[in-house]
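Please open the model in your viewer and keep the selection tool at hand. The tour goes from salt bridges to the interface between chains and ends at a helix.

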Amino acid sequence: MKLPDAELVFQNLAKEILSADNKLFALVGIHTGGVWLAERLHHEMAGALPLGTLDVSFYRDDFDKIGLHAQVERSKIPFEVEGAHILLVDDVLHTGRTIRAAINELFDYGRPASISLAALVDRGGRELPIAAQYTGVELAIPADKMLELQRDKSGRLNLVLYDKSSAE
Amino acid sequence: MINRNPQLDENGVLQHLLTTEGLPAAILLHILDTAESFVGVTERDVKKIPLLRGKSIFNLFFEPSTRTRTTFEIAAKRLSADVINLNIAVSAQSKGETLLDTVNNLSAMNADMFVVRHSQSGAAHLIAKHVQSDIHVINAGDGSHAHPTQALLDMFTIRRYKHNFRNLRVAIIGDILHSRVARSQIHALTTLGVPEVRVIAPKTLLPKMVERLGVHVYHDMAKGLKGIDVLMMLRLQNERMKGANLPSAEEYFKYYGLTPEKLALARSDAIVMHPGPMNRGVEIDSAVADGRQSVILPQVTFGIAVRMAVMSILAGNQA
């Protein structure tokens, strides 16, 4: 299946966020792809909004199944969460479980005024009542495929599709 | 017959932490890297994460310890586990129950993890061999054999201040003979690629053939401290001293106690570490313990993050 150009999709997403009539928010990217996107958004807004990052590994619901294998990055939230309007940024929105973990982690920093979600790709397949307020593109991806955002040496973003069985 | 490392399963995955000996550098570094993210958690307002929610961790301390037991307890609680402290020195064993019967009883209470401190070398190994495969064992110090979480938090501290393990000269100073900490440190330092590890001690406080562990032996602080980046002090273990290993504590301080004058022989940016509890005026002078180059209190703080990392990695590695 032919995947859209991630760079063009990002431009769509950025436009959508920038044109939205919305309260000021802080950006929080979810490792790893969401952090790249949040950094880009931060840059496009000339650094006007505070930027944080989350690695939700310690809040995942599949710890009992998969354990702690991959390198866990340190979460960095350099602003006051209490009372903040937060925009979570992730690359691929699928089951919604990562977002659930991210919301739980954010609440351990404080009580935000609101949390909204921006996703580069919404591939469907939700298992929790979670929706993105800003979406770059919607793609119907079969359940046995993994969709991943990758970044090459020059910093260019690419969407990659592979079989779930070959993952890890 | 292949003699497998009892800490690893057949796929090389860590199931118990019993000693740093024979553990691959990749596993040691995974623990240190994971601990780095836990330091972030311990700096937050809410210092708790839900990772080990519903798990029961038993602290089995057959030998008294305040700091180590407390840091394991804090680590487990910050991971949301339930912690049960058993001070066995004054409990079932004094009524005659064997070690393995105690463990069987606690396993029947659905323990997920045992943290074991025992005066006998090999106690944690014995328990690890005995328990069902879904129970993990952490050695919190066994006799004069091993104290792996202390060594790991020391490695974490060294990496924090010196950034990597290459090009370092490290000296371990004091009662090597009785020290499980020293043995675990030596194995961890050599596995992580520290090019020069020295031990500095009087002959009576060195194990026979200690050179076989890959260390350089010095009996003289003036020679041994030259060019050193990291000083790892050891406690003079009065409670383990049988017979006349030493003339007196004063005599020891004169030759091996770390004073500002002796510290000045090492590199000017050297760090001073100590596993605690310190005997001020015996192995270390207060001016050094509380001085600019001391990282002794950060060691304690990092110890919590390192123990959180060990517990969560083990709990996630289901057989």
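Over all chains, this predicted model holds 23 salt bridges, and a few of them make convenient places to begin.

Select A:Glu127 and A:Arg97 to start with, whose closest N and O atoms are 2.7 Å apart in a salt bridge. A:Glu127 lies in the loop between strand S4 (114-122) and strand S5 (134-138) of chain A, while A:Arg97 belongs to helix H4 (residues 97-107) of that chain, so the pair ties together parts that are 30 residues apart in sequence. With the surface displayed, A:Glu127 counts as partly exposed at 47% relative accessibility, and A:Arg97 is likewise partly exposed, at 36%.

Now go to chain B and select B:Glu196 and B:Arg198, whose side chains meet in a salt bridge with an N to O distance of 2.7 Å. Are these two partners buried or exposed? B:Glu196 counts as buried at 17% relative accessibility, and B:Arg198 is buried as well, with a relative accessible area of 5%.

Next select B:Arg267 and B:Asp269, which form a salt bridge at 3.2 Å, N to O. Here B:Arg267 is partly exposed at 41% relative accessibility, and B:Asp269 is partly exposed at 39%. From there, select A:Arg74, B:Glu36, B:Glu43 and B:Arg160 together, since salt bridges that share partners join these four residues into one network. Within it, the side chains of A:Arg74 and B:Glu36 meet at 3.7 Å, N to O.

That pair leads to the interface of chain B and chain A, across which 5 salt bridges are found, together with 5 residue pairs in polar contact. On the side of chain B that touches chain A, helix H1 (25-42) and helix H11 (296-316) of chain B are the elements that give two or more residues, and H1(B) gives the most, with 9 residues. By class, this side of chain B has 10 nonpolar, 8 polar and 7 charged residues.

Colour the contacts by chain: 25 residues of chain B are in contact with 17 residues of chain A. The area buried between the two chains is about 1700 Å², of which carbon and sulfur atoms give 55%. Select B:Ser37, B:Arg44 and B:Leu51, which supply 32% of the area that chain B buries against chain A, more than any other three residues.

Finally, select helix H4 (residues 123-130) of chain B, whose buried residues are B:Ala123, B:Ala124, B:Ile127 and B:Ala128. Looking down the axis of H4(B), you will find these buried residues within an arc of 135°, so they line one face of the helix. They pack against helix H3 (99-107), strand S3 (113-118) and strand S4 (136-142) of chain B.

Key: Residues are numbered from 1 along each chain as its sequence is written. Chains are lettered from A and ligands numbered from 1 in the order in which they are written. This is a predicted model: local features need pLDDT of at least 70, side-chain atom pairs count only at pLDDT 80 or more; totals for chains, interfaces and linings use all residues. Side-chain values use heavy atoms; hydrogens and water are left out. Contact means heavy atoms within 4.5 Å. Buried area is the accessible area (1.4 Å probe) that two parts lose on being put together, summed over both. A polar contact is a pair of N or O atoms within 3.5 Å; within protein, one must be able to donate a hydrogen and the other to accept it, and residues adjacent in sequence count only if both atoms are side-chain atoms. Helices (H or I, at least four residues) and strands (E, at least two) are DSSP runs, numbered from the N terminus. Ala, Val, Leu, Ile, Met, Phe, Trp, Tyr, Cys and Pro count as nonpolar, Asp, Glu, Lys and Arg as charged, and the others, Gly among them, as polar. Buried means under 20% relative accessible area, exposed over 50%, partly exposed in between (1.4 Å probe, protein chains only). The arc is that of the directions from the helix axis to the C-beta atoms.
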